[in-house]
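This report describes a sheet, the helices that pack on it, and a set of salt bridges. Please read it alongside the sequence and the structure.

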Amino acid sequence: MFQSQTPVDGACDRAIIPFVDQLARDGWCIMPDALPAPIISRLDDDLAEGFDRAPYCRGPFYGETTKRLGRLPLRSVHSEALICHAGILAIVQRFLGRWCDHVQLNTTQAIAIDPGAPAQAPHRDQDMFHGPKGEMEYLLNVIWPLTPFHPENGGTRIWPRSHGSAALGEASIHEEQAVAPVLAPGSALLFLGSTMHGAGANRSASVRRAVVIGYSLGWLKPYENPWLAYPPSVARRFSSALAALAGYIQHRPNLGNFEGQCPSKLLTGGPELMTGPEDALLPAQAEMVEAYCRAQQVPG
């Protein structure tokens with residue numbers, strides 16, 4: 001079994017227990033006042049020009065009255081406060097850490113939904129991965145409102161307790177079972193990849209904006225291709241924590257390597273400085289290989 005390598009501060013660990021408990025029970029939770037509202041306001045300001053220039057999406061799922069921006073670390077330095085939030089990362093580790101060596105960013109996306117937009121089709125984000133369902137969680141998403149969320153302006157709808165094994169064999173969706181939490185900028189809405197959700201209809205006169213930060217198992221193919229979004233020339237400016245989440249870390253056994261080594265080495269040097277490939281195995285695998293090699297040694 002995989003084990004998380006990310007240490008968690010004891011006080012932080014205790015603080016997240018109520019959120020972990022609600023996520024496990026209901027599939028979603030709200031972390032109020034997770035960040036100061038001015039940080040969110042500055043992030044919103046940084047994204048304004050991108051939203052102005054962005055075309056509308058095509059297709060009813062993305063929303064034809066909706067704009068979406070990816071690669072948020074390139075658009076605003078303030079995005080890192082959301083992506084690397086210590087409490088949220090500790091929660092992510094609780095739910096995903098047992099299934100992977102480390103987690104990764106699945107997506108960083110800003111979304112603007114215009115007035116008159118219809119409700120998005122209810123869905124589970126885990127369905128982008130073609131693996132068994134109901135046995136494990138593939139990802140955890142965090143929605144950070146840039147503008148206040150309420151039922152009238154298209155705030156995200158959640159179907160409580162639709163997660164985990166409840167996601168198996170469901171024949172129909174009952175609209176009356178959805179909840180649309182009221183959220184202020186600075187609060188965060190967390191939900192599991194197996195939780196049914198979808199943007200609501202925007203019946204207000206103003207645009208509803210938000211940021212989605214998604215984390216997934218480190219061995220999955222993520223929604224956003226990290227090495228195209230953040231090539232080494234860009235990732236060199238990242239903190240080590242952000243670079244690792246953006247894909248510049250090798251996942252045991254030997255996944256995501258560059259020339260047989262951890263790709264983080266590209267952030268401090270270049271391919272010409274790389275040495276030969278080096279094993280990066282899980283403990284049980286390393287023990288098996290070492291035992292096999294010892295068994296072949298001829299006594300001198």
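The text below treats the sheet first and the salt bridges second.

The model is predicted. Six strands make up an open sheet, ordered S1-S6-S4-S8-S3-S2, with antiparallel pairing. Strand S1 (28–31) and strand S2 (66–69) are the edge strands, each pairing on one side only. From one strand to the next the twist averages 20 degrees.

S1 pairs with strand S6 (residues 188–192) over four bridges, in the antiparallel sense. Within S6, Leu190 stands opposite Cys29. Helix H6 (residues 86–96) packs on the sheet and touches S1, S3, S4, S6 and S8; the direction of H6 makes about 155 degrees with that of S4. Helix H3 (residues 37–53) lies across S2, strand S3 (103–113), strand S4 (139–145) and strand S8 (208–217), and H3 runs at about 110 degrees to S2.

The salt bridges number eight. The table lists three of them, with the distance between the closest N and O atoms.

| Acidic residue | Basic residue | Closest N and O atoms |
|---|---|---|
| Asp13 | Arg94 | 2.7 Å |
| Asp101 | Arg252 | 2.8 Å |
| Glu175 | Arg157 | 2.5 Å |

Asp101 is in the loop between H6 and S3, and Arg252 is in the loop between helix H9 (240–245) and helix H10 (283–295), so this pair ties together parts 151 residues apart in sequence. Asp101 and Arg252 are both buried.

Glu175, in the loop between strand S5 (157–158) and S6, and Arg157, in strand S5, are 18 residues apart in sequence. Glu175 is partly exposed at 44% relative accessible area, whereas Arg157 is buried at 13%. Elsewhere, salt bridges with shared partners join Arg25, Asp26 and Arg161 into one network.

Note on methods
Residues are numbered from 1 along each chain as its sequence is written. This is a predicted model: local features need pLDDT of at least 70, side-chain atom pairs count only at pLDDT 80 or more; totals for chains, interfaces and linings use all residues. Side-chain values use heavy atoms; hydrogens and water are left out. Two strands pair if DSSP finds at least two bridges between them. Helices (H or I, at least four residues) and strands (E, at least two) are DSSP runs, numbered from the N terminus. Axes are lines fitted to C-alpha atoms, for helices over the stretch in contact, and angles run from 0 to 180 degrees between N-to-C directions. Contact means heavy atoms within 4.5 Å. A salt bridge is a side-chain nitrogen of Lys or Arg within 4 Å of a carboxyl oxygen of Asp or Glu. Buried means under 20% relative accessible area, exposed over 50%, partly exposed in between (1.4 Å probe, protein chains only).
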